[in-house]
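Dear colleague,

I am passing on the structure we spoke about, with the sequence alongside. Please keep it open while you read the notes that follow.

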Amino acid sequence: MHDATSMNSGSPPETSLVWLRHDLRLEDNPLFFPPHERRSHQLLVMYVLDQRWLTPVDGLRRLGAARLRLLWQSLMNLRGMLLRRGSDLLVRIGDPVEEVLALVHQHDVECLEVSHAPGHEDRQALSHIAQRLPVTTTLYCHAQDQIALGSAENDSGVSVPDTRILEDTCAAHQWEVVSGAGRYASYRARTPLEGLPYSLPPWPDSAARGFPPLASICTAANRWQPEIPALAALQGGEEPARAQLEALIWHAGLASHEQDSCLPCTPGQPTWLLSPWLTLGCISARRILQVLNERRREIGDDEACQRLVAGLVQRERWQQRLREKEGSESGVGAEKWCGDELHEQETNSEAFVRWREGRSGDARADRAMQVLAHEGWLPCPERRYLAHIWLEGGGDWRLGARWFERCLLDYDVAVTWGEWRRLAGLPV
C-alpha cells in the first residue's frame, strides 16, 4: 500500500472506499466529489450484487434476466469510465455487509463513502455496517438524489405539481458522518451540479479489481434478447443514459416518442424514456431537469416536455413518501412498505403460477404478462390492468409486486410497491 506522511501528528486519509448501490455514474455523483480535506491517496470503488437477489429464498427469484443484464451493462460501462480516469471497479457477489467490511479491514480503509438508498434492506445493510466498522474508519452517508417539488392549486383547489418551477432542485447537499467510535455529526454544504471528474486517486496495488462475466452468473440473463426493437437497442450505463437524454431533448426525440406506441410517456410512473437508467442511478433527476430547463429557455415549453417532467415529479413523490416512512413508529413504517414476508407455498400457489405465466384466462392480461415476462417492460395502463386482474381475483398484492420487481427493467422500490399498495387499497 502506498505510504504517505503528514506535516502534523495525524496522517491524512490513506485509502477511501466508494460503495456504489443505486448510483452507477460519475457525473453529478457526490461520492466522487468529497471535500478537499478528505480526498484520499488511494481509492477503491465497489459494487456488491446481493446473492439473495439470485436465490429464490421464498420460492421466487427477485432479479430476472432482463434486469440483471441491464445492471451488468451499466457496471461494464462504469468500469470503462473509471479506468479512463485512473481508477477501476470491483464487483463482488455475496452479502453486501460482509463484502464491504472485508474490504475495509483488508485495506485499512479510513473513509467509506456511500449514499442513502430508499429500500428498507439497503438501509438495514448500511446500519449493520456502521455498527461493525473499526474505530479507524469513518462512514460518510450522502443524501439520496432527490428533487424539490413545487405545487400549485387547480380549479378545484387540489394541490398539483407545478412543473414550471422545477429549477436547480438540489443545490444543497447533505451527508451524515458516522465514525467507528460512535460519534455522529451532520453536515450541509452548497454543491453545484458536478460534471465528470477529470481524474481519480489511483487504485491500491494490492487490491483485486474487475468482476466475473455475466454468463458465469446467469445464463438466461446473458442470452436475453427482447423482441421490441427499442428494448433491443437499450444499453445500460451512464454514457448511453446521457446520450438518450441529449437525443430526447435536442433532436426532436420527445416529439417522435410521443407517437411511439412502444415507448409512451404515460404519467403515473417515471416516463419509460429514461426510467431504466434513473432506477440504477446511471443518470440523476437533477441532470434531467437541468437539461430540460435549458431546452425551455432556448425553444420554449411544450406538452411533451411537461409530460416528461410530470413523470419525474410522480417518481419523486413516491420516493418522498417512502422517505417519510423512515423512523415511523405507527402505521406503515419503511420496513412494512413491501408488506410482510412471503412464504414459498404462497409463491407456488396455483392461482399465482397461472397469473405470472399468462394463463389467467383473460386474453388482454395474458398477452400483457407474456410481454412483461419476456421483454421486461409494459406501458403503465397494461401494468395496472395486470394488477387489477390479480387483485380482483383475490390475489395477494405482495405477490404481484414481487413479480413486477423481478421483471421490470425500470423497477423502483418506492414506485412499484407504492403503486401496488395504492391499487390494493392499503395506506401509503
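**What was found**

The protein chain exposes about 19,100 Å², and carbon and sulfur atoms supply 48% of that surface. Please bear in mind throughout that this is a predicted model. Of the 428 residues in the protein chain, 53% count as buried, and the secondary structure comes to 16 helices and nine strands. Among the contacts in the protein chain with a separation of 6 or more, 75% are between residues that stand 24 or more positions apart.

Turning to the interior, the largest nonpolar core has 80 residues, and within it L20, L49 and L68 touch the most other members. The element that gives the most to this core is helix 1 (residues 65-83), with nine residues. If you would like to follow one of these positions on the display, L20 touches N29, L31, F32, V45, M46, Y47, L78 and L89, when residues up to four places away in sequence are not counted. There is also a second, separate core of 30 residues, which includes L342, A387, F404 and V415.

The next item is a pair of helices. Helix 2 (residues 96-106) packs with helix 3 (residues 120-132) at an angle of about 35 degrees, their axes being 9 Å apart, and the crossing of the two is right-handed. On the side of helix 2, the residues that take part are P96, V97, E98, V100, L101 and H105, and in helix 3 they meet A125, H128, I129 and R132. The residues of this contact divide into six nonpolar, two polar and two charged.

Finally, I would draw your attention to R61, which lies in the loop between strand 2 (42-50) and helix 1. Is R61 buried, exposed or partly exposed? Its relative accessibility is 23%, and because buried means under 20% and exposed means over 50%, R61 counts as partly exposed. Leaving aside residues up to four places away in sequence, R61 touches W53, L54, P56, L68, C218 and R406; of these, L68 is also one of the residues that touch the most other members of the largest nonpolar core. The C-alpha atoms of R61 and W403 are separated by 8.9 Å, although the two residues are 342 residues apart along the chain.

With best wishes

Terms used. Residues are numbered from 1 along each chain as its sequence is written. This is a predicted model: local features need pLDDT of at least 70, side-chain atom pairs count only at pLDDT 80 or more; totals for chains, interfaces and linings use all residues. Side-chain values use heavy atoms; hydrogens and water are left out. Axes are lines fitted to C-alpha atoms, for helices over the stretch in contact, and angles run from 0 to 180 degrees between N-to-C directions. Helices (H or I, at least four residues) and strands (E, at least two) are DSSP runs, numbered from the N terminus. A crossing is left-handed if the near helix is turned anticlockwise from the far one by less than a right angle, and right-handed if clockwise. Contact means heavy atoms within 4.5 Å. Ala, Val, Leu, Ile, Met, Phe, Trp, Tyr, Cys and Pro count as nonpolar, Asp, Glu, Lys and Arg as charged, and the others, Gly among them, as polar. A nonpolar core is a set of buried Ala, Val, Leu, Ile, Met, Phe, Trp, Tyr and Cys residues joined through side-chain atoms within 4.5 Å. Buried means under 20% relative accessible area, exposed over 50%, partly exposed in between (1.4 Å probe, protein chains only). Accessible areas come from the Shrake-Rupley method with a 1.4 Å probe; for residues, only the protein chains shown count as cover.
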